[in-house]
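Here's a quick tour of a protein fold, pitched for someone just starting out. Have a look at the picture first, then follow the bullets below.

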Amino acid sequence: MNKNKEYCSAIIVAAGKGSRMNASKNKQFINIIDRPVLAYTLQAFEDCELIDEIVVVTRQEDIMACKEIIDMSELVKVKKIVVGGKERQDSVYNGLKEISNEATIVAIHDGARPLILPKHIEEAIEAAVQYNAAAVGVRVKDTIKLVDDNNNIVNTLDRSKLWAVQTPQVFKVEILKRAHQKAIEEGISATDDCMLVEQMGYQVKMVEGSYENIKITTPEDIFLAEAIISGRELEEDEYE
């Protein structure tokens, strides 16, 4: 049990095909330096003191590959591997149905975001404990334009109020379960869990994360991830 006296489950969504990677296998299993993408992701949650259990959601054909990573990394917090659904939203719901009955807080994270730091997971959990719902994100650096269907600029948005949302997104369990159940009943489709919770009338607290918390989507992202990990290792060596 963590110091907040809340049992926190993490659902790692690793059921995507990753078609933009132009790879022969799920992007979660592509190596960054010498370890699969998913291994880095799971290790971050394993190392976070506030995480009590991890549930991995993946494709049926990738279950054995997930088991190999879990065994190789000696991850003790991974309790279940669950088969995902047709869409990401379905996969999250499949994971929700399998978390511990003790869980009061649940963190949803993309398996393809391997560079999340345990401290940012922790900060998001603490915010969700206090505010019901929280998401890690970063402030937008670029000027953002709103355009019409013909790609004409309609408006320039106020950059000071714009954030790029990442994961983990963390919620009180009963809130997220109700949000998903409502989505199923009403045929609501959303690109992330925050949208479902927002539609329930809840506010989601933004927690500032890191620009390094990239999502592995294209081959170029692998090179960027390798550079970030190498930089972190150099910093660690300097402190030792």
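Let's start with one small link: Val13 has Val57, in strand 4, as its bridge partner. Keep in mind that this is a predicted model. From that link we can work outwards to the sheet, then to the helices and the cores.

**The sheet**

- Seven strands make up an open sheet with mixed pairing, and their order is 5-4-1-6-10-7-11.
- At the edges sit strand 5 (78–83) and strand 11 (205–208), and each of them pairs on one side only.
- Going from one strand to the next, the twist averages 25°.

**Strand 1 and its neighbours**

- Strand 1 covers residues 8–14 and pairs with strand 4 (residues 53–58) in the parallel sense, over six bridges.
- Besides the Val13 link to Val57, Ser9 has Glu53 as its bridge partner in strand 4.
- Strand 1 also runs parallel to strand 6, and six bridges join the two.
- One of the residues to look for here is Ile11, whose bridge partner in strand 6 is Ile108.
- How many residues of strand 1 are buried? Seven of its seven are, so you can call the strand mostly covered.
- In a regular strand, side chains alternate between the two faces of the sheet.
- On one side of strand 1 you'll find Cys8, Ala10, Ile12 and Ala14, on the other Ser9, Ile11 and Val13, and all of them are buried.

**Helices against the rest**

- Helix 1 (residues 37–47) is mostly covered too, with nine of its 11 residues buried.
- Among the buried residues of helix 1 are Val37, Tyr40, Ala44 and Glu46.
- Thr41 belongs to helix 1. Why does Thr41 count as buried? Its relative accessibility is 0%, and buried means under 20%, so Thr41 makes the cut.
- Leaving aside residues up to four places away in sequence, Thr41 touches Ile12, His109, Asp110, Gly111, Arg113 and Pro114.
- Further along, helix 5 (residues 173–186) lies across strand 6 (105–110) and strand 10 (163–172), and runs at about 110° to strand 10.

**Two nonpolar cores**

- In soluble globular proteins, nonpolar side chains tend to be buried together.
- Here, the largest nonpolar core has 32 residues, and those with the most contacts inside it are Leu38, Leu42, Phe45, Ile51, Ile54, Ile121 and Ile125.
- Several elements each supply at least two residues of this core: strand 1, helix 1, strand 4, helix 2 (63–73), strand 6, helix 4 (118–131) and strand 7 (133–139).
- Take Ile125 as an example: not counting residues up to four places away in sequence, Ile125 touches Cys8, Cys48, Leu50, Ile51, Ile105 and Val170.
- Another core lies apart from the largest one, and its 26 residues include Ile11, Ile108, Ala133 and Ala183.

**Rings and charges**

- How many aromatic pairs does a search of the whole structure find? The count is zero.
- Rings do meet charges, though: Lys141 lies over the face of Tyr211, 4.1 Å from the ring centre.
- Tyr131 has a charge over its ring as well, namely the charged end of Lys205, at 4.4 Å from the ring's centre.

Technical notes
Residues numbered from 1 in each chain as written. Predicted model: local features only at pLDDT ≥ 70, side-chain atom pairs only at ≥ 80, totals over all residues. Heavy atoms only, no water. Pairing = 2+ DSSP bridges. Helix = DSSP H or I, 4+ residues; strand = E, 2+ residues; numbered from the N terminus. Axes fitted to C-alpha atoms, helices over the stretch in contact; angles between N-to-C directions. Contact = heavy atoms within 4.5 Å. Phe/Tyr/Trp six-rings, centres within 6.5 Å; stacked < 30°, edge-to-face > 60°. Lys NZ or Arg CZ within 6 Å of the ring centre and 35° of its normal. Buried < 20%, exposed > 50% of the residue type's maximum accessible area, 1.4 Å probe, protein only. Core = buried A, V, L, I, M, F, W, Y, C linked by side-chain atoms within 4.5 Å.
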